[in-house]
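User: I should like a close look at a single part of this structure, set out step by step for a first-year student. Please explain how the chosen part sits within the whole.

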Amino acid sequence: MLAAGRAARSLARKASHRGSTASAAQLARRCQSTLSAEDTEALKGVPTVDVGGLFPDAPSERRDAAHAELRQALVDEDAPGFFYALNAPETLNAQYLDSVYAFVEDAHAL
């Protein structure tokens with residue numbers, strides 16, 4: 001979680017000028033205590049999306065909430081264009097995410 005905490009703090013600083021989108025209490029509740037208090041604090045002001053709600057077995061109200069969070073983070077007029085994914089599956093581990101960032105760096109180097 002250390003890398004996620006550093007990334008979240010960086011994103012929080014970048015997003016702080018756009019205003020808060022989630023309170024620490026909302027984050028803690030939605031994360032079901034999976035984030036440390038430090039990480040929860042670092043995510044203040046960063047849009048969050050419960051990506052667990054995007055899976056086929058998620059209840060419709062959870063899916064609707066995830067879609068609304070995605071829209072607020074990525075589509076709405078004042079959307080920052082990024083979000084912190086909560087309740088992501090284990091397949092989105094640090095090694096996978098590192099490979100995504102490496103691919104993006106290679107693609108931008110072309």
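User: Please concentrate on helix α4: which of its residues are buried, and which exposed residues does the face turned away from its buried side carry? Please also explain which residues aspartate 50 touches.

Analyst: The model is predicted, and a short survey of the whole comes before the helix itself. The protein chain contains five helices and two strands, arranged along the sequence in the pattern α-α-α-β-α-β-α. Of its 110 residues, 26% count as buried. Among contacts between residues at least 6 apart in sequence, 61% join residues at least 24 apart. The chain exposes about 7400 Å², and carbon and sulfur atoms supply 55% of that area.

Confidence should be considered next. The average pLDDT of the chain is 75, and 69% of the residues score at least 70. Over residues 1-5 the pLDDT is below 50, and this stretch has seven contacts in the model beyond near neighbours in sequence. Residues 8-20 also have a pLDDT below 50, with 18 such contacts beyond near neighbours. Where pLDDT is low, the predicted coordinates should not be read in detail.

We may now turn to helix α4, which covers residues 60-74. At 1.5 Å a residue, its 15 residues should span 21 Å, and the C-alpha atoms at its ends are 21 Å apart, so the expected and modelled values agree. Within α4, the residues Ala66, Glu69 and Ala73 are buried. Seen down the axis of α4, its buried residues fall within an arc of 60 degrees, and they therefore line one face of the helix. A general rule helps here: an α-helix has 3.6 residues a turn, so residues three or four places apart point the same way. The face of α4 turned away from the buried side carries the exposed residues Glu61, Asp64 and Gln72.

Aspartate 50 lies in strand β1, residues 48-50. Its relative accessible area is 11%, and because buried means under 20%, aspartate 50 counts as buried. Leaving aside residues up to four places away in sequence, aspartate 50 touches Arg62, Ala66, Glu69, Leu86 and Asn87. Two of these, Ala66 and Glu69, are among the buried residues of α4.

The contact with Arg62 has a further feature. Side chains of opposite charge can pair when their charged atoms come close. The side chains of aspartate 50 and arginine 62 form a salt bridge, at 2.7 Å from N to O. This pair links distant parts of the chain, with aspartate 50 in strand β1 and arginine 62 in helix α4, twelve residues apart. Arginine 62 is partly exposed, its relative accessible area being 30%. The structure holds two salt bridges; another pairing is that of lysine 44 with glutamate 41, whose closest N and O atoms are 3.4 Å apart.

Asparagine 87, which aspartate 50 also touches, is placed in the loop between β2 (84-86) and α5. Asparagine 87 has a positive phi of about 55 degrees although it is not a glycine, and its relative accessible area of 26% makes it partly exposed.

Finally, phenylalanine 82 is found in the loop between α4 and β2 and is partly exposed, at 21% relative accessibility. Its C-alpha atom is separated by 9.0 Å from that of leucine 70, twelve residues away along the chain. Helix α5, by comparison, is hardly covered: among its 16 residues the count of buried residues is zero.

Terms used. Residues numbered from 1 in each chain as written. Predicted model: local features only at pLDDT ≥ 70, side-chain atom pairs only at ≥ 80, totals over all residues. Heavy atoms only, no water. Helix = DSSP H or I, 4+ residues; strand = E, 2+ residues; numbered from the N terminus. Buried < 20%, exposed > 50% of the residue type's maximum accessible area, 1.4 Å probe, protein only. Contact = heavy atoms within 4.5 Å. Areas by Shrake-Rupley, 256 points an atom, 1.4 Å probe, with all protein chains shown as cover. pLDDT = per-residue confidence, 0-100. Expected span 1.5 Å × (residues − 1). Arc of directions from axis to C-beta. Salt bridge = Lys/Arg side-chain N within 4 Å of Asp/Glu carboxyl O.
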